[in-house]
Amino acid sequence: MRATLIRLRDHVRAIDPRDPFTWVVALFILACLGGANWNLPCTDSWHNDALAPRPAGLGAVVETWRWGHFFRYPPLHLLALTALSLPWIALAATRAGTGQDALMRELIEPRYMTPIELIGRAVSLALAVGVVFNVRALVARVWGERAGLAAAAVTALNPVFVYFAHSAN
């Protein structure tokens, strides 16, 4: 993990417009940003399985760790999204109180859902860029730099990957 972060840091420091991988990542980010504002401001996500305050709240995080219970998303992802959304959740709690029903009604207002949805989309994009970097690094380690570049380009051009990279999932 540390080696990957060091490679990422070194690559960011040495962004070279002549490097084809720079173009792969730049075009991937542009493709994902093309739909970053879909359905905003919103009271719910355009993607029916996106994480929103209703499932991504602290209750879902706790539900993951209770014996015999589960939630459909990994707990680390839920913790990250919940931590980044806490300012808006706290603001909604100051207005609506801490009752679950009142808080959920308040959280689906556009003034809360829009920034929370943007946070989810930004996290997904950051993780997707990390996947492209790691695909390149892993394939390059086994089959060489050209194969790593080709694998990163194929990953970045995958329509399903681009779809999920700019949804709040």
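Modeller: Let's start with a yardstick: a residue is buried under 20% relative accessible area, exposed over 50%, and partly exposed in between. Tyr163 has a relative accessible area of 30%, so Tyr163 is partly exposed. Keep in mind that this is a predicted model.

Colleague: Okay, let me try that on another residue. Is Leu30 buried or exposed?

Modeller: Leu30 has a relative accessible area of 57%, so Leu30 is exposed. Leu30 sits in helix H2, which covers residues 20-33. Together with Trp23 and Leu27, Leu30 makes a nonpolar surface patch of about 360 Å².

Colleague: And the chain as a whole? What share of the residues counts as buried?

Modeller: In this chain of 169 residues, 38% count as buried. The accessible surface is about 10,300 Å², and carbon and sulfur atoms make up 67% of that. As for secondary structure, there are 9 helices and 0 strands.

Colleague: Now the inside. Which residues have the most contacts in the largest nonpolar core?

Modeller: A nonpolar core is a set of buried residues such as Val, Phe and Cys, joined through side-chain atoms within 4.5 Å. Here the largest one has 15 residues, and those with the most contacts inside it are Phe21, Val25, Phe28, Cys32, Val129 and Val132. Helices H2, H7 (110-143), H8 (145-157) and H9 (159-165) each supply at least two residues of this core. Another core lies apart from it, with 6 residues, including Ala92, Leu103, Leu107 and Tyr112.

Colleague: Can we zoom in on Cys32? What is Cys32 in contact with, leaving aside its neighbours within four places in sequence?

Modeller: Cys32 is in contact with Leu125, Val162, Ala165 and His166.

Colleague: Last topic, aromatic rings. How many aromatic pairs are there?

Modeller: A pair of aromatic rings is described by the distance of the centres and the angle of the planes. The whole structure has 3 aromatic pairs. In one of them, Phe21 and Phe133 are 5.1 Å centre to centre with 85° between the planes, an edge-to-face arrangement. Phe21 is in helix H2 and Phe133 in helix H7, so this pair ties together parts 112 residues apart in sequence. Phe21 counts as buried at 0% relative accessibility, and Phe133 counts as buried at 16%.

Colleague: Why is the pair of Tyr163 and Phe164 edge-to-face?

Modeller: Planes over 60 degrees apart count as edge-to-face. The planes of Tyr163 and Phe164 are at 85°, with ring centres 4.9 Å apart, so this pair is edge-to-face. Back to our yardstick: Phe164, at 37% relative accessibility, counts as partly exposed.

Terms used: Residues are numbered from 1 along each chain as its sequence is written. This is a predicted model: local features need pLDDT of at least 70, side-chain atom pairs count only at pLDDT 80 or more; totals for chains, interfaces and linings use all residues. Side-chain values use heavy atoms; hydrogens and water are left out. Patches are made of residues with over 30% relative accessible area and no salt bridge: like charges are joined within 9 Å, nonpolar side chains (Val, Leu, Ile, Met, Phe, Trp, Tyr) within 5 Å. Accessible areas come from the Shrake-Rupley method with a 1.4 Å probe; for residues, only the protein chains shown count as cover. A salt bridge is a side-chain nitrogen of Lys or Arg within 4 Å of a carboxyl oxygen of Asp or Glu. Helices (H or I, at least four residues) and strands (E, at least two) are DSSP runs, numbered from the N terminus. Buried means under 20% relative accessible area, exposed over 50%, partly exposed in between (1.4 Å probe, protein chains only). Contact means heavy atoms within 4.5 Å. Rings of Phe, Tyr and Trp (its six-membered ring) pair if their centres lie within 6.5 Å; planes under 30 degrees apart count as stacked, over 60 as edge-to-face and the rest as tilted.
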